[in-house]
Structures are given as C-alpha cells and as structure tokens.
Amino acid sequence: MEDVNIDENAPTPTPTTQVTEEEPVGLEDDADKIIKLLTRGIRERDVVSIFGMPGLGKTTLAKKIFKDSSVVSHFDVRAWVTISQSYDVRELLRNIYKQVTGVKYDDGESDIADVLRKCLMGKRYLIVLDDVWEVDAWDELRLCFPIGKQGNRIMLTTRLKHVAMEVKNCTDPYSPRFLTKEASWKLLQEKAFQKETCPPEFENVGVQIAEYCKGLPLTVVLIGGILAKKERNVSEWCEVANNLKSHLGA
C-alpha cells in the first residue's frame with residue numbers, strides 16, 4: 001500500500017503542536033483497540049471517533065495509529081487533514097486528493113468534490129479528520145467519501161463528545177484513558193532525564209509533579225521538557241511542583 005505524508009501543506013508547527021508529536025507511554029492499549037475498529041467490523045464506511053479534553057493525546061494517538069504498519073498495509077489509500085475551528089472545505093478536499101493520488105489537483109478540472117469521490121470509489125480508504133469542532137464540517141465533507149463495501153473508515157478526533165456522537169455511524173466514540181500515576185511518573189522520568197536514571201533524591205517531588213499533571217499525557221511531556229532544561233537540583237523541581245499546584249489547582 002502507498003505511504004503518504006500527513007497534511008504536508010500545514011503551517012510550521014508551533015511549540016504547542018510539536019508536543020503532540022511525542023509518543024507518550026500508556027497509549028498502546030488504546031491504539032490496539034482502535035486499530036481493530038479500523039481493520040475489522042462492518043464492510044460499509046464507518047466513522048471511528050476519538051474524543052476527550054485537551055491534553056489527553058487524541059491527535060498523538062491518531063498519528064500513532066495512522067502510521068502503524070498493520071493500518072498502512074490494510075488500506076489502499078490514506079489521507080490526513082486538520083479541520084480546526086476555521087477551515088476551507090475546498091482546500092481540505094484538494095489536500096486529501098493530493099495525498100490519495102500523489103498529484104496536485106488541477107483547478108481546471110471538474111468539481112473537486114465529485115472528482116475525489118470518483119477517485120476513492122472502489123478503494124479501501126482511511127481518511128483522518130483531526131480536530132473537528134462542529135458537525136457541519138463532517139456534513140460538508142461526507143458525501144465525498146463513498147460508503148462502498150471495502151471496509152472504508154473515517155477516523156475523527158474532537159474534544160467535543162456531542163460531535164463524536166452525532167457523526168457516529170456504527171462504532172461508539174472512543175475516549176482515551178487518563179494515564180495512571182505510575183505511567184505518568186514513568187513518562188516524566190523519560191522526558192526529564194532522557195536515558196539517565198532518576199536520582200533517588202528527585203523521586204518524591206517527581207512523583208508529586210507527575211500527580212499534578214492529572215493523567216494528561218501532553219501535560220506530562222511538556223513539564224518533563226521544562227524539567228530537562230533546568231538545573232539538576234531538587235529545589236528547582238520543588239518550584240515547578242509549587243507552580244503546577246497553583247496554576248492547575250492540583
């Protein structure tokens with residue numbers, strides 16, 4: 001099956017979006033469950049939604065799944081676009097067309113929606129719609145995606161449960177689990193100390209910091225990156241812990 005680049009026309013990532021490129025621990029079970037939803041089940045087109053609060057790792061999880069070798073080999077074509085609150089339907093369709101065909105859409109051709117639909121006809125496809133804020137976005141795009149009988153899938157991420165419920169076809173929306181305290185501490189150590197072992201004197205305050213991150217993978221990754229750049233002393237970590245407690249209401 002052919003490989004593609006994820007949303008290659010997207011703007012240069014900001015520091016916030018770069019965090020989502022990390023692969024936090026604790027997502028393996030979630031990924032396995034969703035991969036089964038994508039590669040098994042009904043033969044008709046289905047929507048697999050991932051929903052949850054910011055920082056839970058929805059996009060990180062979706063990217064991990066999108067790049068998984070079993071998913072790559074299962075689908076004939078794949079494409080990834082980010083919707084967000086402001087979007088241009090035509091530009092989204094042009095982006096999808098380029099990813100599934102490997103060529104840029106010629107504006108002199110017929111309507112892009114019809115061209116894309118015909119292009120996907122008969123193929124087993126996976127289209128990822130990342131960061132969807134309203135059902136209207138799905139309504140404006142869905143007619144371009146043939147229902148077919150090939151096991152086609154739409155994977156959609158959203159922070160809004162009602163959006164996930166309204167676009168549901170057969171599969172119930174999926175919400176990633178929060179990290180356990182143990183998984184949070186393990187991830188924090190990996191990001192703060194890289195390949196080094198955590199010195200014993202940092203463990204108490206480190207566990208406290210991990211707990212203050214409230215099980216949110218991207219928060220743990222962000223704080224771990226901050227700690228990695230600080231001087232290696234306990235007082236610096238205590239200051240971070242106090243700031244987290246006051247800002248996050250821990």
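A residue counts as buried when its relative accessible area is under 20%. By that yardstick, helix α3, which covers residues 58-67, is mostly tucked away in this predicted model, with 8 of its 10 residues buried. The buried ones are Lys-58, Thr-59, Thr-60, Leu-61, Ala-62, Lys-63, Ile-65 and Phe-66.

Zooming out, the chain has 250 residues, and 47% of them count as buried. Its secondary structure adds up to 12 helices and 4 strands. The accessible surface comes to about 12700 Å², and carbon and sulfur atoms account for 49% of that. Contacts also reach across the sequence: take those between residues at least 6 apart, and 77% of them join residues at least 24 apart.

Next up is a pair of helices. Two packed helices are described by the angle between their axes and the distance between the axes. For helix α9 (residues 181-193) and helix α11 (residues 217-229), the angle is about 35° and the axes are 7 Å apart. The crossing of α9 past α11 is right-handed. On the α9 side, the contact is made by Ser-184, Leu-187, Leu-188, Lys-191 and Ala-192. On the α11 side, the residues involved are Pro-217, Val-220, Val-221, Ile-223, Gly-224, Gly-225, Leu-227 and Ala-228. Sorted by character, the residues of this contact split into 9 nonpolar, 3 polar and 1 charged.

Then there are the aromatic rings, which form 7 pairs in total. One of these joins Trp-138 and Phe-145, with ring centres 6.2 Å apart and 25° between the planes. Planes under 30 degrees apart count as stacked, so this pair gets that label. Trp-138 and Phe-145 are both buried, and together with Tyr-125 they make up one aromatic cluster.

Phe-202 and Trp-237 meet in another way. Their ring centres are 5.0 Å apart and their planes sit at 65°, so the pair is edge-to-face; the cut-off for that label is an angle over 60 degrees. This pair ties together distant parts of the chain, since the two residues are 35 apart in sequence. Phe-202 lies in the loop between α9 and α10 (203-212), while Trp-237 belongs to helix α12 (residues 234-248). Again, both partners are buried.

A few single residues deserve a look too. Ser-84 isn't a glycine, yet it has a positive phi of about 65°. This serine is part of strand β2 (residues 77-84), and its relative accessibility of 25% makes it partly exposed. Asp-131 shows a positive phi as well, about 60°, and is not a glycine either. Its place is in strand β3 (residues 125-132), and with a relative accessible area of 21%, Asp-131 counts as partly exposed.

Glu-166, for its part, is found in helix α8 (residues 161-166). Its relative accessibility is 53%, so Glu-166 counts as exposed; the bar for that is over 50%. The C-alpha atoms of Glu-166 and Val-135 are separated by 7.0 Å, although the two residues are 31 apart along the chain.

Definitions and conventions
Residues are numbered from 1 along each chain as its sequence is written. This is a predicted model: local features need pLDDT of at least 70, side-chain atom pairs count only at pLDDT 80 or more; totals for chains, interfaces and linings use all residues. Side-chain values use heavy atoms; hydrogens and water are left out. Buried means under 20% relative accessible area, exposed over 50%, partly exposed in between (1.4 Å probe, protein chains only). Contact means heavy atoms within 4.5 Å. Accessible areas come from the Shrake-Rupley method with a 1.4 Å probe; for residues, only the protein chains shown count as cover. Axes are lines fitted to C-alpha atoms, for helices over the stretch in contact, and angles run from 0 to 180 degrees between N-to-C directions. A crossing is left-handed if the near helix is turned anticlockwise from the far one by less than a right angle, and right-handed if clockwise. Ala, Val, Leu, Ile, Met, Phe, Trp, Tyr, Cys and Pro count as nonpolar, Asp, Glu, Lys and Arg as charged, and the others, Gly among them, as polar. Rings of Phe, Tyr and Trp (its six-membered ring) pair if their centres lie within 6.5 Å; planes under 30 degrees apart count as stacked, over 60 as edge-to-face and the rest as tilted.
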